[in-house]
Each structure stands twice: as C-alpha cells, then as structure tokens.
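Reader: I would like a close look at the largest pocket of this model, with its lining described carefully and then set beside the rest of the fold. Which residues and elements line it, and what else should I know about the model around them?

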Amino acid sequence: MTHDALDSPAAPGPGASSVLAMLQVGFTEGALTPVDHIERVLTRLRHDPHNAVVALDEERALRDATELGAELRRRGPRSPLHGVAVGVKDLIDVAGLPTRAGSAVRTGAAPARADAAVISRLRRAGAIVVGKLHTHEFGHGPTGDVAVSGPARNPHDPTRITGGSSSGPAAAVAAGHLPLAIGTDTGGSVRIPAALCGVVGLKPSWAALPRRGVYPLAPSLDHVGLLAADLYTALAGWEVLGVGSRQDPVHPPRPIRVGVPQHEYWTLLDAPIAAATARAAHALDTAGVQVVPVDTPQIYRLAAAYMPILGREAYAVHAAALAERAEDFQPATYAGLRSYAEYPRHDYLAAKRAARQLSAGLGAHLADIDALLTPTTRTRATPLAQPFVSIGTERTTVAAALLELTLPFNLTGWPAVSVPAPGSGLPIGLQLVGTGTAGSDERTLLHLARIIQAL
C-alpha cells in the first residue's frame, strides 16, 4: 500500500458499525434530533453502573442540543460532530463544572470559569459536552482504580480495571454511553484504558492539541487525546480537534513501511496479545504494507528517563498540597508523589537530556519507517486492586505491565493510537506509533489501524 491510498476521504469508512455515522444519518434524514440523542445519552449516564461519571451538565447540554438542532435544520452541520455528545475526563476544565481530578484534595474546587482550549474547539464544531468522567486520582496511575469516588469498572467485566488514568472516558465509550470522549495521556493514559476496554485511543503528537485548562501531571510529558467507539469516530474527532494544530503531512513517494520491534523489551507478553500482534502484522502485509523487523536501539535507556522526569515534575505540581493536605490524598497516590521528593534535580536534568538525545537517535534510526506496530500493554485487564501479574514465567507489577510499552512515546512525543484487536474475550489493544518522520502522522496511523481491524 502506498501513501496515495490513504488520501481517500472515505477511509476509514463509516460502515454500519460506526456510532457516529449512524447519528449523522439519523440527523440528516430527520429520524433523530440532537435533543433525542442527548436525552438518551443523559439517561444512560445517570444510570451508569461502571462508576464512569463524575458530574453531568444536563441543563446546558439540552439547551445546546435545542439550539444546535435548529441550526442543523437551517444551515446544515458545522462538522461531523455537530449535535453529538462528548464526555470529558475530570482533569480538563469545563465552564460551570468543578475540576476535582478524582481527589478529595479538590473537593471544594470552584466551578471552572472557562472551558479548556480543547473544549472550546469541540463547542465551535457543534459538539455537545455532557459532563465530566472518572479519572485515576490526579492522572497519577495506569489502572483507574484509585480515586475518591472509588474504582472505575471495566464494562467487559466489572470485577476488572478499566486502565487509566482516562478511566471514565474509556468505560463510558466502551459501555456505549458516548461515541467520543476526551482524555489525557502522560505515559499511556489514553492508550492503556482504550486497550483494556476495547475502544480506540489516540494520543496525538506532543502539543498538537492545546493543554490550556488541563490539570497537569508532568507538563513535558502530558498530551491531550481522545477515546472513540470506532475508527471513523476517532478520525472525525481528530479532524475537528486537530484543526490548526499541524501542517498537512508530506508523504514520501514510496510504499508505507511499518516496523515491528524485535528487541526483547517488547516481547514479554500474554500469549493472546503476542498472537494478536502477529495477526495484525500479517494483515498489514497482506494489504500491501511493507512490514519489516526493526531494532529500537537503547530503548531501555530511553524508558529509564521516564520516571525521573515524571517524578520531578509531578512533585513540583503537588508539593504544596502534599505538605498541607496529606490526609486528603488516596494512600497510593500520596506514597507515589511523596517518593518523588527524593529525586535530585541533576538526575532530572540528565534524564531530560538523555530523552532528547535518545529520541533523536531513535527517530534517525527509523527514518525510513512510517509507523511501529507493538502491543499497547503486556497484559489484559486485571482484577481490581491487584498489584502484581504473572506473564509467562515472569511476575511483574500491574503498573509496569500496563505502562512499559506506551511510555517511550510520551518521551519522544510521537503520535500513537491503540486500536482493539479483533476477537472475543477480554479486549486486546494494538499500538501504532508514528516515528516523527514525514508521513507518520495521526491520520496515517488511523488508516493503518483500519487495516488491522479488517482482520
């Protein structure tokens, strides 16, 4: 497959399975109105059994639906998201609602005075923000089961984790409540819950989406991203949110090349995840994509830079609250953040330098590769509150099993998407990563994901 094949506006095609496409048809034919849609969504969210919902903005959502429905009849849609319900992770400001970040530390937070920049983009496109969704406390964790309101629960098995920290967005989309939700990703926090809940999770390039109005975890690693019910919805969401944030990519005049890392760093996997990755590589190859084995030199050194950077920056964000309101943190969050106080500044600066140098080196090494294909996580959703997991003959922490395959790409800042692998049982996520070269943009990743889902 060449890059020219990606220029078709129909791909990834809507199809009967796209929630957004069905809404668009309903709105266009008059069989459904935005008010009908929003009323149904609010009813589902009020009775959500997965602890995905923090707060609803019912009055404004219904008012917006009425106004946008009238505009739709008069002038047609502003964008593919016109009249469509969207949920927002509770680290992101929504005017009129408090941002509590999953923590008792912010129980008394006043309602936000203004929308975060990314929410303003949604509203300009005609999307309807219906409320705030669960987050792992302060975004500090990949499991989604640590928050003042209790754990979010996986719609595929409520005894298991959703993944985090964008736990509520993933659960709400996976449960069929919403077609699209907005999250954040500092080490995998969009892609991990997308993988464990069986939805699409897109982490764009660093700073591709504005972070004004987003509660930080580690500012140099934080990304705003989205979770979607299907690839058509993910592409529509990206086209709306990414407007003005990037230049059109210049695709090289050659076939698309996808690299499958061979380094041992990527090989500790549950057997079903390894098998799904191999099937995805075969599907891409069959579709005419050049699938080649690649090395990822110094990947352990790159990954090792993550914790000194995360730790120093996260501690700086929370130092005052840790000193003044220690009892209001969840114990696991307090212990993790407090441990970062011991990270020396010189280690942080050395890690920043190493991350820049190693990211540049990895990008140069992969200069003729458009995307990498890896699993998103080493394991599938584990039981709630389970700290360790066995993978093959090895035992590791759940946090490590979830984070290790995603966090390198917060250090590089490259775009990455997690797409559900076809099949039944607990969901498996497959990760496609742009390599920072021409042609390795978000849209290309979503089109490659479509091929994998056509297995």
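Author: What follows begins with the pocket and then turns to the cavity, the sheet, two points of backbone geometry and the confidence of the model.

The model is a predicted one, and the largest pocket in it has a volume of about 830 Å³. Its lining is made up of 41 residues, and those closest to the centre of the pocket are P142, T397, A399, A400 and L403. By character, the lining of this pocket divides into 23 nonpolar residues, 13 polar residues and 5 charged residues.

Seen by element, at least two lining residues come from each of the helices α9 (299-304), α10 (306-324) and α11 (331-339), and the same holds for strand β11 (394-397) and helix α13 (398-403). Among these contributors, α13 gives the most to the lining of the largest pocket, with 4 residues.

The pocket should be kept apart from the enclosed space in the model, where a search of the whole structure finds 1 cavity of 30 Å³ or more. About 30 Å³ of space lies in this largest cavity, and the residues that line it are L91, T184, T186, V214, Y215, P216, L217 and D222. The lining of the cavity divides into 5 nonpolar, 2 polar and 1 charged.

Next comes the sheet. An open sheet is formed by 11 strands, which follow the order β1-β3-β2-β4-β6-β5-β12-β13-β9-β7-β8 with mixed pairing. At its edges stand β1 (53-56) and β8 (290-294), each of which pairs on one side only, and the twist from one strand to the next averages 25°. Helix α7 (residues 231-241) packs on this sheet, where it touches β4 (180-185), β5 (200-203), β6 (223-228) and β12, and the direction of α7 makes about 145° with that of β6.

Within the sheet, one pairing can be followed down to single residues: strand β12 (residues 416-420) and strand β13 (residues 429-434) pair in the antiparallel sense over 5 bridges. In that pairing, P420 has G429 of β13 as its bridge partner. As a general point, strands of a sheet pair through backbone hydrogen bonds, either parallel or antiparallel.

Two details of backbone geometry belong to one loop. S165 lies in the loop between β3 (128-133) and α5 (167-174), and the peptide bond that leads from G164 to S165 is cis, with omega near 10°. F138 is also found in the loop between β3 and α5, and F138 has a positive phi of about 55° although it is not a glycine.

Finally, there is the matter of confidence. The protein chain averages a pLDDT of 94, and 94% of the residues score at least 70. Over residues 7-16, however, the pLDDT is below 50, and this stretch has 20 contacts in the model beyond near neighbours in sequence. Where pLDDT is low, the predicted coordinates should not be read in detail. Among the elements of the chain, the lowest mean pLDDT (95) belongs to helix α15 (residues 442-453), while the highest (99) belongs to helix α6 (residues 191-197).

Conventions
Residues numbered from 1 in each chain as written. Predicted model: local features only at pLDDT ≥ 70, side-chain atom pairs only at ≥ 80, totals over all residues. Heavy atoms only, no water. 1 Å grid on protein atoms, 1.4 Å probe; cavity = no way out; pocket = protein on both sides within 12 Å on 5 of 7 lines; lining within 4 Å. Points joined across faces, edges and corners; volume = space filled by probe spheres on them. Nonpolar A, V, L, I, M, F, W, Y, C, P; charged D, E, K, R; others polar. pLDDT = per-residue confidence, 0-100. Contact = heavy atoms within 4.5 Å. Pairing = 2+ DSSP bridges. Axes fitted to C-alpha atoms, helices over the stretch in contact; angles between N-to-C directions.
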